[in-house]
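This report is an introduction for a reader who has not met the structure before. Please view the sequence and the model first, and then read on.

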Amino acid sequence: MDLRLRPLRTADEPEARAAQAELIPEGFRFLLDGYSPRERWDAYLERLERYRSPNGAAPGMVPATLLVAEVEGEIVGRVSIRHELNDTLLRVGGHIGYGVRPQHRRRGYATEILRQSLIVARSLGIDPVLVTCDEDNAGSMTVIGRCGGLLEDTVEVPGAPRKRRYWIV
């Protein structure tokens, strides 16, 4: 598969904003870290770069790397790799959060995004890796299983679906 993970670039603005608009109705934010449609794109990219450094994250946030998944020049998805876990991430968020744009689903991209994300996570010293998904998300359960996820437990989340917590060693 010719999928590669890379940081967002200046030229990605229209496609990334479109992906954000496509996924918001599903309750999934493609663009993270306080993204606002009113924010200048270059300022957003600078903030993402700052958040990658150990002391660059906003208060209450952990250092993280946001990468897009590209296939044949098109952004098909994205991943956020959290370099460490706070209490919330340990309970319901995990180290890695990924998503695929609706028109690109069921092609194996989610599995490849997670597989490559595990390589990035390990290069950052993250091992084992915690990945979570909603209890009703059969697709993510399959992806996580394909990548070696071992279910630890399922936790309640007030006002949201229960979360399944998997560790990948």
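## Surface and charge

In this predicted model, the protein chain exposes about 8700 Å². Carbon and sulfur atoms supply 51% of that exposed area.

The side chains of the protein chain include 24 positive and 24 negative ones. The centres of these two sets lie 1 Å apart.

## Overall dimensions and burial

The C-alpha trace of the protein chain spans about 40 × 35 × 35 Å along its principal axes. For 169 residues, a compact globule would be expected to have a radius of gyration near 15 Å, and the 15 Å found for the protein chain agrees with this.

Of the 169 residues in the protein chain, 49% are buried. Contacts between residues at least 6 apart in sequence may also be considered: 56% of them join residues at least 24 apart.

## Secondary structure

The protein chain contains five helices and seven strands. Their order along the sequence is β-α-α-β-β-α-β-α-β-α-β-β.

## The buried face of helix H2

Helix H2 covers residues 41-51, and its buried residues are Trp41, Tyr44, Leu45, Arg47, Leu48 and Tyr51. When H2 is seen down its axis, these buried residues fall within an arc of 160°, so they line one face of the helix.

Which elements do the buried residues of H2 pack against? Their partners are helix H1 (13-23) and strand E2 (64-71).

## Two loop residues

His104 belongs to the loop between strand E4 (96-100) and helix H4 (109-123). Is His104 buried or exposed? Its relative accessible area is 5%, and a residue under 20% counts as buried, so His104 is buried. When neighbours within four places in sequence are left aside, His104 is in contact with Glu74, Ile75, Val76 and Tyr109.

Pro37 lies in the loop between H1 and H2. The relative accessibility of Pro37 is 57%; because the limit for an exposed residue is over 50%, Pro37 counts as exposed. Pro37 and Val92 are 55 residues apart along the chain, and their C-alpha atoms are separated by 27 Å.

## Summary

The predicted model has five helices and seven strands in the protein chain, with a radius of gyration that agrees with the value for a compact globule. Among the loop residues described, His104 is buried, whereas Pro37 is exposed.

Definitions and conventions
Residues are numbered from 1 along each chain as its sequence is written. This is a predicted model: local features need pLDDT of at least 70, side-chain atom pairs count only at pLDDT 80 or more; totals for chains, interfaces and linings use all residues. Side-chain values use heavy atoms; hydrogens and water are left out. Helices (H or I, at least four residues) and strands (E, at least two) are DSSP runs, numbered from the N terminus. The radius of gyration is taken over C-alpha atoms; the globule rule is 2.2 Å times the number of residues to the power 0.38. Buried means under 20% relative accessible area, exposed over 50%, partly exposed in between (1.4 Å probe, protein chains only). Contact means heavy atoms within 4.5 Å. Accessible areas come from the Shrake-Rupley method with a 1.4 Å probe; for residues, only the protein chains shown count as cover. Lys and Arg count as positive and Asp and Glu as negative; His and the chain ends are not counted. The place of a charge is taken as NZ of Lys, CZ of Arg, CG of Asp or CD of Glu. The arc is that of the directions from the helix axis to the C-beta atoms.
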